[in-house]
Amino acid sequence: MNDKQHTIKAPVTVRGVGLHTGVEATMTFCPAPVGHGYKFQRVDLPGQPVVDADVDNVVDLSRGTTIEQNGARVNTVEHTLAALVGLQLDNVLIQLSGPEPPIMDGSSAEFIKALETVGFEEQNALRNYYEIPESIRYVDNARGVEIAALPLTDYRLTVMVDYNSPVLGSQHATLTDIGLFSEEIASSRTFCFLHELEMLYKNNLIRGGDLSNAIVVVDRVVSDDELTDLAKMLGKPRVSVKKEGILNNVDLRHKNEPARHKLLDLVGDLALVGRPLKGQILAARPGHAANVAFAKKIKKKMLESRTNPVPVYDPSREPVMDINRIMQVLPHRYPFLLIDKVIHLDDQVVTAVKNVTMNEPFFTGHFPGNPVMPGVLQIEGLAQTGGILVMNTVPDPDNYWQYFLGIENARFRKKVLPGDTIVYHCQLLAPIKRGIAKMRGQAFVNGKVVCEAEMSAAIVRKDA
């Protein structure tokens with residue numbers, strides 16, 4: 001799995017009709033900055049409102065996943081989001097000239113093909129994975145649905161479907177590596193049963209449906225008159241039934257294409273948690289309603305962990321900033337540069353690391369014979385870490401100074417000793433206004449808080 005965040009190198013556009021609305025739309029994928037995530041923008045509406053791809057914005061699940069925010073609605077987002085997750089892209093703005101992304105061929109393949117034509121750009125920030133910490137389960141006994149997430153160091157999904165149908169029977173699909181999504185899952189098309197087709201049409205859905213972008217499963221004997229009516233409904237001169245029960249002689253791309261498409265939908269719906277996932281997802285008979293309910297459970301757990309963040313430091317991962325890059329941003333030098341590398345940086349949060357050794361100059365005179373890192377230097381390490389965050393918000397950091405203004409609610413919880421690795425974590429408490437930043441900082445050793453404080457700093461132009 002990629003450790004760095006990625007976006008696309010240039011905008012790329014696809015066009016087509018929406019599956020359910022039948023409205024023709026142009027959809028343009030645009031590069032976006034670090035920490036942006038996935039956002040849709042309705043460029044056809046006044047003010048061009050933006051809709052975050054967030055599970056809290058889901059407003060309808062009648063046949064696909066629909067999100068709404070700022071007075072704008074976007075229907076059937078799951079195939080688009082699945083393509084972005086499958087390509088391990090993190091930051092993309094999706095500009096849409098209508099209410100629904102084009103259905104294309106009913107899968108994610110055409111989106112992936114378009115995105116691959118412009119290529120991908122690595123960004124200077126680590127991916128903000130949410131690692132499933134413990135078993136998370138969702139059960140709907142009435143529908144026979146069960147979805148579970150289990151801890152794992154990568155992202156794997158398994159889906160089982162059983163429609164009690166002589167045509168489909170029981171099927172399962174597995175994705176052992178998200179990097180294989182494009183090859184194994186992306187081309188699997190949406191499907192429905194014949195008995196659903198008329199109901200969907202009467203409910204003003206599938207207005208953009210076509211036998212070229214959806215599989216229709218025929219699980220009963222159909223009369224010639226019914227086939228004639230279906231042809232009229234679908235705007236076709238005639239339709240027929242293939243012997244294995246697929247309408248109009250459509251060939252399946254995979255024997256288990258319906259199960260693979262359900263896995264595709266699950267990937268797209270789980271993108272709405274807002275962060276890339278690490279975990280094993282097991283789903284029996286999933287659908288959009290269950291997927292979204294499950295995504296809400298994951299997001300709740302995720303937000304609980306943010307309340308008391310314990311950043312994880314993996315020395316094997318490439319840092320966002322090494323010591324040379326840090327010295328390009330901060331004016332501090334030995335013996336007063338108190339961070340060694342930055343392992344996470346976005347527009348709200350920064351995490352840095354300091355390896356404390358017996359060779360630190362302050363141990364010479366601070367408690368000789370009983371070396372303990374001075375608390376004020378721990379706070380200084382937090383302030384320098386916060387300085388990285390603050391300077392990341394200005395376009396030309398070489399032209400600014402960052403000065404410490406104040407400390408509040410400082411607490412020292414545990415001693416820091418030679419051999420400890422301090423993980424500094426700072427988060428903005430409010431948007432930066434008039435060059436003043438307020439942050440909450442915590443320092444961790446072995447997952448335990450050793451000190452914490454609220455800090456304020458000022459950004460000042462060097463020529464001011």
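Leaving aside its neighbours within four places in sequence, which residues is Asp265 in contact with? They are Glu78, His79, His288 and Asn291. Keep in mind as you explore that this is a predicted model. Asp265 is a good place to start, since the UniProt record lists Asp265 under the feature "binding site", in an unreviewed entry, together with His79 and His261.

**The annotated site**

- The three residues that UniProt lists as "binding site" are His79, His261 and Asp265. They are spread over 187 residues of sequence, yet they cluster in space, with a largest C-alpha distance of 9.4 Å.
- Of these residues, His79 is included in the lining of the largest cavity.
- The side chains of His79 and Asp265 are joined by a polar contact of 3.4 Å.

**A closer look at His79**

- You can find His79 in helix α1, which covers residues 78–86.
- His79 has a relative accessible area of 4%, which is under 20%, so this residue counts as buried.
- Not counting residues up to four places away in sequence, His79 touches several residues, among them Ile103, Ser108, Phe111 and Thr190. The list of residues touched by His79 also includes His261 and Asp265, the other two residues of the UniProt feature.

**A closer look at Asp265**

- Asp265 sits in helix α6, made of residues 257–270.
- Like His79, which is buried, Asp265 is buried, and its relative accessible area is 6%.

**Leu272, in a loop**

- Look for Leu272 in the loop between α6 and β18, where β18 spans residues 277–284.
- Is Leu272 buried or exposed? With a relative accessibility of 0%, Leu272 is buried.
- Although Leu272 and Val58 are 214 residues apart in sequence, their C-alpha atoms are 8.9 Å apart in space.
- Val58 is one of the residues in contact with Leu272, leaving aside neighbours within four places in sequence. Others on that list include Ala53, Thr65, Ile67 and Leu81.

**Strand β14 and its partners**

- Strand β14 runs over residues 155–162 and has two faces. Tyr155, Leu157, Val159 and Val161 form the covered face, while Arg156, Thr158, Met160 and Asp162 form the uncovered one.
- β14 and β18 run parallel and are joined by six bridges. Within this pairing, Arg156 has Gln280 of β18 as its bridge partner.
- β14 also pairs with strand β15 (residues 170–175), this time in the antiparallel sense, over six bridges. Here the bridge partner of Val159 is Ala173 in β15.

Note on methods
Residues are numbered from 1 along each chain as its sequence is written. This is a predicted model: local features need pLDDT of at least 70, side-chain atom pairs count only at pLDDT 80 or more; totals for chains, interfaces and linings use all residues. Side-chain values use heavy atoms; hydrogens and water are left out. UniProt positions are given in the numbering used here, feature names are shortened, and annotations may be inferred rather than shown by experiment. On a 1 Å grid over the protein atoms alone, a cavity is a set of points where a 1.4 Å probe fits but cannot get out, and a pocket is an open set with protein on both sides within 12 Å along at least five of seven lines; lining residues have an atom within 4 Å of a point. Helices (H or I, at least four residues) and strands (E, at least two) are DSSP runs, numbered from the N terminus. Buried means under 20% relative accessible area, exposed over 50%, partly exposed in between (1.4 Å probe, protein chains only). Contact means heavy atoms within 4.5 Å. A polar contact is a pair of N or O atoms within 3.5 Å; within protein, one must be able to donate a hydrogen and the other to accept it, and residues adjacent in sequence count only if both atoms are side-chain atoms. Two strands pair if DSSP finds at least two bridges between them.
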